[in-house]
Amino acid sequence: MEFLLRFAILLSISLFSIRSGHGFYLPGSYPHKYQIRDPLSVKVNSLTSIDTEIPFSYYSLPFCRPKEGIKDSAENLGELLMGDRIENSPYKFKMFTNESDILLCRSQPLSSKDFGILKKRIDEMYQVNLILDNLPAIRYTKKDDYSLRWTGYPVGIKVQDVYYVFNHLKFTVLVHKYEETSVARVMGGTGDAAEAIPNLEKDGGPPGYMVVGFEVVPCSFQHDAESVKDAKMYDKYPSKIQCDPMRVSAALKENQPVVFTYEVAFVESDIKWPSRWDAYLKMEGARVHWFSILNSLMVIAFLAGIVLVIFLRTVRRDLTRYEELDKEAQAQMNEELSGWKLVVGDVFRAPSHPKLLCALVGDGVQILGMAVVTILFAALGFMSPASRGTLITGMLFFYLVLGIAAGYVAVRMWRTIGCGDYAGWVSVSWRVACFFPGIAFTILTVLNFLLWGSGSTGAIPFSLYVVLLLLWFCISVPLTLIGGYLGVKAPHIEYPVRTNQIPREIPPQKYPSWLLVLGAGTLPFGTLFIELFFIMSSIWMGRVYYVFGFLFIVMILLVVVCAEVSLVLTYMHLCVEDWKWWWKSFFSSGSVAIYIFLYSVNYLVFDLKSLSGPVSATLYLGYSLFMAIAIMLATGTVGFLSSFWFVHYLFSSVKLD
């Protein structure tokens, strides 16, 4: 009963947060209450840079190390794939206890190697990422009248060929006082859903505090290394430290030690625990997102008008005239007909490479289903950045489970093309299970070797490689074969017309058909490219993306546009007596991937100007190619299935002997 009560309260809070657009709360996670002077431990994540996009371990630099040694935090599969490496740090706080001038450590004299690495990391604009109570450290800077927020702080800065390190950190921890109330008060309705959370604890306990914010101000302060030569960690620094972020004085020098210090201040805040992620997830550019959706709706309305004209005026009118004639008149009319009605005996002729087509459609169903379900769950708040790696883990899980749908659709389409013959269905299922995962595995392996060579934490460990292979062959492949078996048992789709033994010659066309196919991808790209900018900025510029509601709407609009584009183009090909529509319907909507990849190249050239080195550029292009292939399979599948339904519906109305 207690579990049901918790679940009901948390679900109501999450739904309230979604409706209100703020006060985010992640279902399944709970606030941690601290008493005064309770210990707080800061963790460190990988060093990151938008200049190289290659993460490195925090302790790859000569920073202070904890007394108890370096310990890895438990990480999920998504975190490992994203390159996160969360470890303990020497920074220790006590709840609601302000401290200043705390000595962390005095490093060993910088060797030429350490000195060179520090200078290189400063040149490459690497950021240090700290975490307290699952909140990343956030840094505020002012530009004109605007306040900019950043996660983490830079390793150092270069001023007139001199390198300075940020060796003093000023922490500000925002805390919210925890007032005990009764569950009856919450259930009676306080008007604030967020107040329901603390009531999950027992009443009568002493008041405590919850961490609702973690801010950092980095300073470069010239310490006296000799004065702390014999001091221990957490001792008081002998003199007062003035932290001025606008001045730098701790210049790096080879064979000289670096002294690290910090201070911490606790500030009571009105921010409640469910709203503590608002500073990170604050949506920017809402008008631009709405403009993107409005633009997509206009494209959809235009294409819908064309489809409506095709159905109501052309197809229906021709079919009505055709059915009103007697058989002799129909036979005479057949000799005079032109257009799509002449290919009635060839329109369902098996395409070239049917197994490959079925495999691509099956993989497309799997990718599209994974994307829709993942984005839907993320829009409902179940995959927040507050839980690092959950989004990637969820995508992988849904992809594996949807192997059943991929095998089912591919084998059923294979039986339909073969007019009910299911011979070779195992081969089709294996192609589905291995085609896209094989491409992904090849691309990621090549990129992983580059990361291994760079010593980056973004490189997938060998043990994780084994886990991914086991997931592939022990879960994905069997589920795909099960789906294929279900496809064998399901009835195939019967063609409404017979196929002639001798194929009809396709008349010469004025324009190459592939020009239309390539041009068709511009319309789906037009519905996507604005949102694509925000996605690319999130991935490559270190920004948090959390407008999954907009993304879900854009995805639905993209599916509709792909279906309409493919349907219109298929009708145009049939009208010029081109009955080879199978592959063209797939690539007419799938060609949007070409424009997405070209946009990625454009983004690299004009927006990622700071991206340096061939390794970084290769990583970027490799991941972009992987994304483009996945989008091609998903959008191509939408176009093919909609065209197949249209052609089947169109010719099912034609009466033949």
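A disulfide is a pair of cysteine sulfur atoms within 2.5 Å. Keep that in mind for the first stop, because such a pair is what you will be looking for. You have a predicted model open, where local features need pLDDT of at least 70, side-chain atom pairs count only at pLDDT 80 or more, and totals for chains, interfaces and linings use all residues. Residues are numbered from 1 along each chain as its sequence is written, and side-chain values use heavy atoms, with hydrogens and water left out.

**Stop 1: the disulfides**

There are 2 disulfides to find. Select C64 and C105: their sulfurs are joined, 1.9 Å apart. The torsion about this S-S bond is about -80 degrees, so the disulfide is left-handed. Now colour by helix and strand (DSSP runs numbered from the N terminus: helices are H or I with at least four residues, strands are E with at least two). C64 sits in the loop between β1 (39-44) and α2 (77-82), while C105 belongs to strand β3 (residues 99-106), so the pair ties together parts 41 residues apart in sequence.

Are these two cysteines buried or exposed? Here buried means under 20% relative accessible area, exposed means over 50%, and partly exposed is in between (1.4 Å probe, protein chains only). C64 has 3% relative accessibility, so it counts as buried, and C105 is buried too, at 17%.

Next, select C219 and C243, whose sulfurs are 1.7 Å apart in a disulfide. The torsion here is about 65 degrees, so this disulfide is right-handed. C219 is in strand β13 (residues 208-219) and C243 in the loop between β13 and β14 (259-268), 24 residues apart. Both C219 and C243 are buried. If you number the bonded cysteines in sequence order, the pairing reads 1-2, 3-4.

While you have cysteines selected, click on C474, which counts as exposed at 52% relative accessibility. Then try C575, partly exposed at 31%.

**Stop 2: a nonpolar patch**

Show the surface and select Y511, W514, L515, L518, I594 and L598. Together they make a nonpolar surface patch of about 650 Å². (Patches are made of residues with over 30% relative accessible area and no salt bridge; like charges are joined within 9 Å, and nonpolar side chains, meaning Val, Leu, Ile, Met, Phe, Trp and Tyr, within 5 Å. Accessible areas come from the Shrake-Rupley method with a 1.4 Å probe, and for residues only the protein chains shown count as cover.)

Which elements give two or more residues to the patch? They are α13 (513-520) and α17 (592-606). The largest share, 3 residues, comes from α13. W514 is found in helix α13, and at 51% relative accessibility W514 counts as exposed.

**Stop 3: rings and their neighbours**

Rings of Phe, Tyr and Trp (its six-membered ring) pair if their centres lie within 6.5 Å; planes under 30 degrees apart count as stacked, over 60 as edge-to-face and the rest as tilted. By this rule there are 45 aromatic pairs. Start with F96 and Y209: their ring centres are 4.6 Å apart and their planes at 35 degrees, so this pair is tilted. F96 lies in the loop between β2 (87-94) and β3, and Y209 in strand β13, 113 residues apart. F96 is partly exposed at 29%, whereas Y209 is buried at 9%.

Jump to F525 and Y595, where the centres are 6.2 Å apart and the planes at 35 degrees, so this pair is tilted. F525 is in helix α14 (residues 522-540) and Y595 in helix α17, so the pair ties together parts 70 residues apart in sequence. Widen the selection to F525, F529, F533, F534, Y595, Y599 and Y603, which ring pairs link into a cluster.

**Stop 4: charges**

A charge sits over a ring if NZ of Lys or CZ of Arg is within 6 Å of the ring centre and within 35 degrees of the ring normal. Select R121 and F56: the charged end of R121 sits over the ring, 3.9 Å from its centre. R349 does this with W579, at 5.6 Å.

Keep R349 selected and add D346: their side chains meet in a salt bridge at 2.6 Å, N to O. (A salt bridge is a side-chain nitrogen of Lys or Arg within 4 Å of a carboxyl oxygen of Asp or Glu.) Both R349 and D346 are buried. The structure holds 9 salt bridges.

For a last look, select E577 and R504, a salt bridge with its closest N and O atoms 3.4 Å apart. E577 is buried at 15%, and R504 is partly exposed at 31%.
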